[in-house]
Amino acid sequence: MTAGSEGTSAPPLSGVLETGLYVDDLARARSFYEDVLGLTPMIADARFCAYGVAPGSVLLLFLHGATLEPVRMPGGIIPPHDGHGPLHYALAIAEDALEQWTVHLEKRGVAIESRVEWKGGGVSLYFRDPDGNLVELATPGLWPNY
């Protein structure tokens, strides 16, 4: 059952707006995400960097330990948060971009850890960022809604 569907009192959701990762070296992580994945920062400071991945989709990189205190903003307070250990997330790619990504990652020296072909027709490439987070590039067909 999905959020907002029959049988629940929760209002409907529109999507996942932000995904946050925690990194040990923000400069090193930014180099990877900008040079390898081609992302452009929307906003950045010493504690974090925000990338617009696609319309309505933001990837946040936080420096480990830099978000343990509340952050006072003109409009309110952002509560403290942090995370540890290798995390996983997937980025959507077009089916016809799969081989281009394979070649691009190999040229950048990024080892592809695994390639999975899904029953629904989608294909996923898995590799690691410099902090050990598992990055997945997935074509349509991975999930019923994608």
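How exposed is E113, in terms of relative accessibility? At 48%, E113 counts as partly exposed, and its salt bridge turns up in the third view below. Before that, a quick word on what you're looking at: this is a predicted model, where local features need pLDDT of at least 70, side-chain atom pairs count only at pLDDT 80 or more, and totals for chains, interfaces and linings use all residues. Residues are numbered from 1 along each chain as its sequence is written, and side-chain values use heavy atoms, leaving out hydrogens and water.

**View 1. R30 pairs up with E34.** This is one of five salt bridges in the structure (a side-chain nitrogen of Lys or Arg within 4 Å of a carboxyl oxygen of Asp or Glu). Here the closest N and O atoms are 2.9 Å apart. R30 and E34 sit four residues apart in helix 1 (residues 26–36), so about one helical turn separates them. Helices are DSSP runs of H or I with at least four residues, strands are runs of E with at least two, and both are numbered from the N terminus.

**View 2. D45 meets R47.** The closest N and O atoms lie 3.9 Å apart. R47 is buried at 19%, while D45 is partly exposed at 38%. Buried means under 20% relative accessible area, exposed over 50%, and partly exposed in between (1.4 Å probe, protein chains only).

**View 3. R128 reaches E113.** Their closest N and O atoms are 2.8 Å apart. R128 belongs to strand 9 (residues 123–128) and E113 to strand 8 (residues 112–117), so the pair ties together parts 15 residues apart in sequence. R128 is partly exposed, at 34%.
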